[in-house]
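Colleague: Please take me slowly through one place where helices pack against each other, with each term explained as it comes up.

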Amino acid sequence: MSDIYDLVKRYPWLPSLKTSYSDIASKNPLDFINEIFTSDKSNDIKRRVLTIFNDAFSNIEQLSEYELDENNIYVYLILKIILYIINNKILSNRIANIYSKTTYNELNKENEYNLYYIYQDLNLEVLYDEQPTIYKKFVVKDQQEIFKTNFKISYLNYLKLASNLKDEYRKLVNNAVRQGYVYIKPENINRLLQEHVRMKFLTQNNEISTELDKFKEKLFEIQEFKALYDTITAIWESKKEEFEYTIDITFKEGKDISETFPPCIKEILSKAQEGQNLIHTERLFILWFLNSLKYPEDKIINVFSTLPDFNREQTAYQVKYAMKKGYTPYSCKSLKSYSLCFAKEYKDVLCLEGYFSRLQEVQKDISHPLKYIEVKQYRDSKKLKKTKNQTLDKK
Amino acid sequence: MMSFEYLKRRFKEYYKDNREKIPLVNLFNQREFGFIPWDQQIRMIRHMGFANRENLIQHLINNGPRHVYSSGSLYINPENQDMKKKGYQGCDLIVDIDVDHFYTPCKEDHDIWYCKECGKNGKGMVEKCPKCGKLKLKKLTWICEECLDVAKKEIIKLIYNFLIPDFNIDIEKIKIAFSGHRGYHLKIEDNNLRALSSDERREIIDYITGEGISFEILGLRKMGNNIFGFSTETIGWSQKINRKIEEILKMSSIEIETLLSDKRKFNLNQNFIENFLNYKNNFLNIIKSNNLNNWTLVSSTLNTWYNFLEPIVDQIGIEVDVPVSIDIHRLIRYPGSLHGKTGFKVQELNPNDLDDYNPLDEQVEKLDPIVFVSKVQTIQKLEIIESNVPATKIKGESFGPYKLGDTIEVPHHIAVFLLCKGVAKSV
Ligand code: SF4
Ligand SMILES: [Zn+2]
Ligand SMILES: [Zn+2]
């Protein structure tokens with residue numbers, strides 16, 4: 001069993017950081033940075049922070065290096081400070097996803113005693129029963145898959161951690177609830193903690209920018225820190241485009257048709273781009289949608305690559321399956337019933353007012369997102385012709 | 001408008017005569033109050049707070065409002081107009097069960113609708129006009145013992161099938177009230193629950209209603225030509241479903257057939273029903289066993305099972321008016337106040353009172369919401385001003401149905417009720 005000092009080294013986001021390393025936690029950020037960057041730990045920490053950023057930029061799904069020593073605490077705190085002052089959603093999400101995923105994998109290596117400690121430290125009401133409880137059982141012919149666990153978590157804590165994950169497996173209704181507790185395996189609690197850690201990096205920077213600027217200025221007086229910051233932002237600048245456009249997949253002789261996407265699609269894509277969670281229905285919809293536009297497999301997979309729980313193999317399997325089956329994406333009616341229609345929020349005229357069908361001589365509603373694209377493309381081609389004609393006229 | 005003046009006077013009198021009996025809600029002075037006056041120009045006066053009970057009672061006596069509400073939420077400054085400056089401290093978990101929001105068969109007898117667009121009218125529960133499809137319906141919904149009984153059973157199910165066994169809610173913290181019209185609400189006064197966010201509340205409500213349930217996640221599988229259902233030895237919804245199936249299987253064949261073919265409920269095809277009945281006993285053995293779950297004998301198509309399981313979920317789940325539970329800034333009727341559409345009292349109840357409770361004919365005097373029964377037999381003369389008025393059954397006696405222009409003589413409490421409903425005027 002590890003003591004709490006060790007656990008905090010491995011998981012610097014634990015509340016006990018404040019008590020067991022009070023010398024670090026109680027400092028103001030400026031003094032803290034100053035001290036670090038003038039100490040002999042400086043080089044190692046800088047290198048590690050930089051590695052994490054590089055990992056995030058190169059789109060890999062796990063940190064290439066995660067050491068469990070005291071410096072790990074510094075690395076975590078500095079990461080947070082840097083993200084705070086860069087204040088860029090996409091970047092914060094990237095780091096948050098990759099860092100929290102590593103946390104998840106680390107947590108899964110812990111024994112039950114340590115996990116129990118970690119949960120207690122987070123002030124979660126998690127109980128450990130000596131006898132495991134069977135909470136779910138799949139029986140298929142002679143084979144039994146039995147789900148049992150010694151852990152249970154208070155449903156209030158469960159909801160706090162899970163309610164913004166918005167995925168079917170995490171919904172309370174699909175879980176084993178009894179007597180105020182959710183019976184759950186530790187790896188599933190750990191998955192919830194992954195989200196908890198992810199959110200740690202995403203605390204919105206709401207301070208008025210002058211104050212942020214002042215803070216930055218002070219920090220930049222620390223030469224070493226400034227140098228690190230510059231290196232990171234330089235890489236970011238060079239990679240930025242790649243990130244911001246991974247979703248506006250341009251294929252088909254370099255033509256970008258994402259401009260013609262309806263609001264419902266744009267909304268999901270921008271959520272994905274920011275690395276937010278997508279619910280199951282959103283995933284299916286975007287998958288079937290891009291698939292029916294004949295987007296190539298790898299492009300579709302990349303859309304999902306920014307999600308916190310991305311798993312390349314699994315996604316590839318699902319994409320292949322959908323391609324094979326050729327499902328039709330949801331209609332506007334279904335999307336509305338799932339609250340996934342964003343016509344109003346985007347004030348989209350075509351969605352709200354419909355279009356005039358020359359063939360039938362009536363005003364028609366957009367009934368399907370694919371119809372939306374069709375109409376948009378038709379209109380664009382008209383525009384194109386017009387301008388062409390106009391230039392011809394001039395000649 | 002004359003009758004409004006009259007009703008207002010009666011309401012004021014009620015508050016004056018019962019000033020000691022109006023209950024005090026928990027953390028009273030942190031609640032926001034809202035009132036709807038009789039004057040139809042004004043919709044709702046919100047953002048009011050009262051430092052003590054005396055002030056509230058005085059307000060009620062002075063104004064005799066048509067409807068009285070207080071917030072489920074707690075605020076530092078309940079009277080602040082700006083939601084952000086109210087200083088939100090948390091909100092009771094509230095569940096509203098009102099037959100306005102779900103189907104009951106007796107509505108075919110007592111709920112009337114009229115289409116303002118094409119003039120068609122009819123009875124029952126409709127969303128839009130069956131003739132012209134327009135939504136402009138005028139509805140006259142009526143009180144009914146059967147409906148109220150359905151609502152009451154939902155509350156009982158909620159407490160004993162969900163709140164206590166699954167969420168371990170302390171029964172002492174559960175407060176129930178008859179709404180004074182067609183339903184009940186339930187609130188839980190518990191500091192831990194008060195801290196729940198809207199998203200978290202939605203998760204609890206989804207659990208209670210069965211919304212978002214996934215049969216696959218719970219274990220329904222198709223393998224080759226076999227369907228494998230839920231194992232009984234589990235925790236949560238799969239277990240609830242199996243118990244419900246068991247309950248159905250134990251019914252008589254005729255009952256089963258009626259239930260499964262009911263268009264409003266299961267609406268299953270003859271084929272399924274036949275198999276279900278033929279293999280009733282075998283299926284019962286499977287459902288009861290810990291180790292058997294091959295359900296193929298009844299049907300081997302997944303879709304058919306969905307058609308069967310979805311209504312099962314509806315039967316287990318509670319008919320909840322969802323937004324009330326999720327929206328933390330809602331106001332709900334104040335206990336002890338009068339409902340302006342009926343003249344009935346919003347009656348607080350303990351879970352133990354529920355079993356025998358019958359708001360329209362209550363024997364326990366202090367739980368009786370019908371407050372305008374006079375000690376001396378007084379008869380009031382009214383004229384009906386609505387084309388069709390369904391029969392009103394209160395305290396074992398039935399009045400009506402009436403037609404436009406009827407002049408009637410009814411006891412005082414019926415008069416107040418018909419006046420509140422706006423279907424009659426004093427003559
Ligand atoms: S109207 Fe249809 S296409 Fe437009 S946003 Fe809504 S769902 Fe999408
Ligand atoms: Zn009509
Ligand atoms: Zn009824």
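Modeller: Happily! A helix here is a DSSP run of H or I with at least four residues, numbered from the N terminus, and its axis is a line fitted to the C-alpha atoms over the stretch in contact, with angles running from 0 to 180 degrees between N-to-C directions. The model is predicted, so local features need pLDDT of at least 70 and side-chain atom pairs pLDDT 80 or more. Residues are numbered from 1 along each chain, and chains are lettered from A in the order written.

Look at helix α9 of chain A (residues 155–162) and helix α6 of chain B (residues 198–209): they pack at about 120°, and their axes are 9 Å apart. That makes α9(A) and α6(B) oblique to each other (neither under 35 degrees, over 145, nor 65 to 115). The crossing of α9(A) over α6(B) is right-handed, meaning that the near helix is turned clockwise from the far one by less than a right angle.

Which residues of α9(A) and α6(B) meet? From α9(A) come A:Y155, A:L159 and A:K160, and from α6(B) come B:E200, B:E203 and B:I204; contact means heavy atoms within 4.5 Å. The residues of this contact split into 3 nonpolar, no polar and 3 charged; Leu, Ile and Tyr are among those counted as nonpolar, Asp, Glu, Lys and Arg count as charged, and Gly is among the polar ones.

For practice, try α15 (residues 297–304) and α16 (residues 312–325), both of chain A: their angle is about 130° and their axes lie 10 Å apart. α15(A) passes α16(A) in a right-handed crossing.

Conventions: Heavy atoms only, no water. Helix = DSSP H or I, 4+ residues; strand = E, 2+ residues; numbered from the N terminus.
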